[in-house]
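Student: Please take a close look at a single part of this structure, the nonpolar core, and describe how it is built and what surrounds it.

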Amino acid sequence: MKRVLALVLALCLALSLAACGGGNSTSQPSGSTAGGSSSAADAVLSEEITIKFANYALLEDGYTEFWEGVKSGFETQYPNITIEWVTAPYGEITNQVINMAGGGDMVDIMFGELDWIPTLEDAGLTVPVTSVLTEEYLADFYPSVLDSCRVNGEIYGLPMYISPFILYYNKDLFEQAGLDPNTPPTTYDEMLTMAESLSKLTTADGNPVYPFGQTTASVAVSGAALTGMVYNFGGTVLDENGQLATGNQGFKDAFTMLHTLDQKGYNPQNSKLKDLRQLFATGQLAMYYDQSWGFNGVSSINPDAASFTASAPALKGGSGNGASILQGQVLLYMDNGDLQREACRLLTEYMLTEDVLVDYITNITPAYPAKQSMANMELNPVLQGAASSIDNLSSAPFVAAQADLNLELCTLAQAVTVSGTDVDTAIASFEQTASGMLG
Amino acid sequence: MSTSTAVRQPRMKLKKTTGDQLFSLALIAPTLLVTIVFIIVPVIDSVIKSFTEYKIKNIISGAPGVWNNFENYIKLFQGGKLWPAVAHTLLFVVGVVVAQFVLGMALAVILNTGLKGARFIRSVMMMPWVVPTIISALVWMWIFQPQYGLLKYAVGVFTGGAVSDFAILNDPGTALLGVAIAALWKQVPLTTLLLLSGLQNVPDDMLEAATIDGASRSKKFFAIVIPYMKSVISIVVSMAIIENFKQFPLIWTMTGGGPSESTTTLAILSYREAFVSNNLGSGAAVTTLWMLLMILVVALYRKLFQAEDMN
């Protein structure tokens, strides 16, 4: 009897393992262009449709309410369309979407970072936004904003809202250092002069005040911030063909500036953006570069931060004009057929309106609108000082290995700071590694 | 009646040994199935992919990888990242495993002395082991934080303010040590517990006999306790080698492989190749080399440390 029981158990286990397999039906992509067919446009208003929407923000405190509001508002307006969330933490959502697609279950739309575009385009997952949205609708977006989402000439992401890397500064610390709190620096040289006074300050509990913060820790967004700094100096990292283009003075000047800041002890070493936000919120950092929505992190640490925070455009350095690169949170589309794309079009047009976005980008995640028709909408007061940055954007080309390239830029920044390598040697080492990476 | 009895065939009966073998085979089948499906097949698949150009688009389209003339390996060996990663991995594994064993054994010996409150200490001591690795990493990042971290404060107090900018994770020379400290904090408790159970199995009569013969404490420890614990030590150290060879979340969360790639181990390099560069073939090549190195180290260790049967 014992033997029979053992065999039955073994059989059950084997069968349950066999049952682990399974598959999903694969959606049929249509490959047609924006607006879909007229039959799809009619059907989307009557047929029961479910949009699979991949969105990491649902899992983050402070954002859930907005997104659930979008869902309920949209489903009220279009009762036949249901939004089904696909969620995963920020760092996992792209793998989640890729793995689902590999298993034949592709989402219809995804909320993500601008920097994710090249990866998803290279994977063949996303489709150009022109196959979902009409040219007339896209004409309302700032051309430089759409240009920042181009890969091989096609626009693969639609920014919901945008921000360049802007300079946040602490007006109280400026005053304490005898500087005019309404006159932030406009060039790196002015910043270095002001930093001299700011570096002499200490906090109430005796901690030193860092004059200037630029993130250099090994995370991809730090690489994007460093790319922005290169553009401040009029330099480039990649050319239009996605090949390395670092043999310019602006590139060298940017990393020489990081070296100078480190030598003077002005920049907190090897910091992530969240470290800089913490220091800024607690009055230990006088100014730093961040995306506009980084202020959300600052105010979550110090709710009074708005009283001492102001913003300014990125600094001009060398022969550069202080141009910055765009950061944005974008919508990415996958092709699951005419009906799904048509439903995504309706959802996009519902979401990207002043009515839906105003509270979100004014108070929840401070940002600038991506659409020209929303140019006059109310901004978070902290962002007013840097509003002109939108007119000084450069489009940085994308490559599939963008995230890895960004990490290499961090390694270069660490070489000229914490490792004490001289700038020329560090750049030569970076170029060798990066050129192998880009092929 | 007699006719029906004559027609009845004799029941076929297996030999007892054959029956036992079949029964054993049936019992082991699920384990074999699990091993083949979830270990052998993925490992072979990964090794095959390491010789091909295999990217995310292959997953999406279902297209197989394309043979690329060892390009993944050639790039790795020529790229200048592999050997530093091997060196960091070996340094991390050897350093952590040795420190883990020494600390674990010291704690086990202390707890085995009948110390008052030993049971309570044993329970509390296990807390780091049950904390998820990512949470451990975040806790240690906070402790090591250079501007407001606990370690910076402690170093400032102990040095009378002479050292005020101690930042263990920011210095390429000390960052791996910082991660190793976090790894030890998490792993020493289990090592201690396993070694303690081994210590408690050392026969008292042998120790008493040695005491009567006038053996010193150290003599008893090295001549009786350690030999009797060889099998436990062998398992504990093997587990520690494997655990630290594959250590990824702690390093990735705490340093991301930096600064200046001073904490880029093979685990980090593999992740970067596969999931940051999105080159799964190249990531598989790192994983293959990593697996071979781990097999080599564990085999070498097993060869050097063959357990003897003390009975």
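**A core residue and its setting**

Tutor: In this predicted model, a useful starting point is A:Leu167, which, apart from its neighbours within four places in sequence, is in contact with A:Pro184, A:Met287, A:Tyr289, A:Ser311, A:Ala312, A:Pro313, A:Ala314, A:Leu315 and A:Ala386. A:Leu167 is one of the residues with the most contacts inside the largest nonpolar core, which has 130 residues. The others named for their contacts there are A:Ile51, A:Ile109, A:Ile117, A:Phe212, A:Tyr333 and A:Leu412. Nine residues of this core come from helix 16 of chain A (residues 402-416), the element that gives the most to it. Both domain 1 (36-164 + 327-387) and domain 2 (166-325 + 395-438) of chain A supply at least three residues to the core. A second core, separate from this one, has 50 residues and includes B:Leu107, B:Ile241, B:Ile251 and B:Ile268.

The two domains of chain A may now be considered together. Their C-alpha centres lie 29 Å apart, and 20 residues of domain 1 are in contact with 25 residues of domain 2. On the side of domain 1 that touches domain 2, the elements giving two or more residues are helix 5 (117-122), helix 7 (143-147) and strand 7 (158-164) of chain A. Helix 5 of chain A gives the most to that side, with four residues. By residue type, this side of domain 1 of chain A comprises ten nonpolar, seven polar and three charged residues.

Technical notes
Residues are numbered from 1 along each chain as its sequence is written. Chains are lettered from A and ligands numbered from 1 in the order in which they are written. This is a predicted model: local features need pLDDT of at least 70, side-chain atom pairs count only at pLDDT 80 or more; totals for chains, interfaces and linings use all residues. A nonpolar core is a set of buried Ala, Val, Leu, Ile, Met, Phe, Trp, Tyr and Cys residues joined through C-beta atoms within 7 Å. A residue is buried if 20 or more other C-beta atoms lie within 10 Å of its own, exposed if 12 or fewer, and partly exposed in between; C-beta atoms are placed from the backbone. Domain bounds come from an automatic or database domain assignment. Two residues are in contact if their C-beta atoms, placed from the backbone, lie within 7 Å. Ala, Val, Leu, Ile, Met, Phe, Trp, Tyr, Cys and Pro count as nonpolar, Asp, Glu, Lys and Arg as charged, and the others, Gly among them, as polar.
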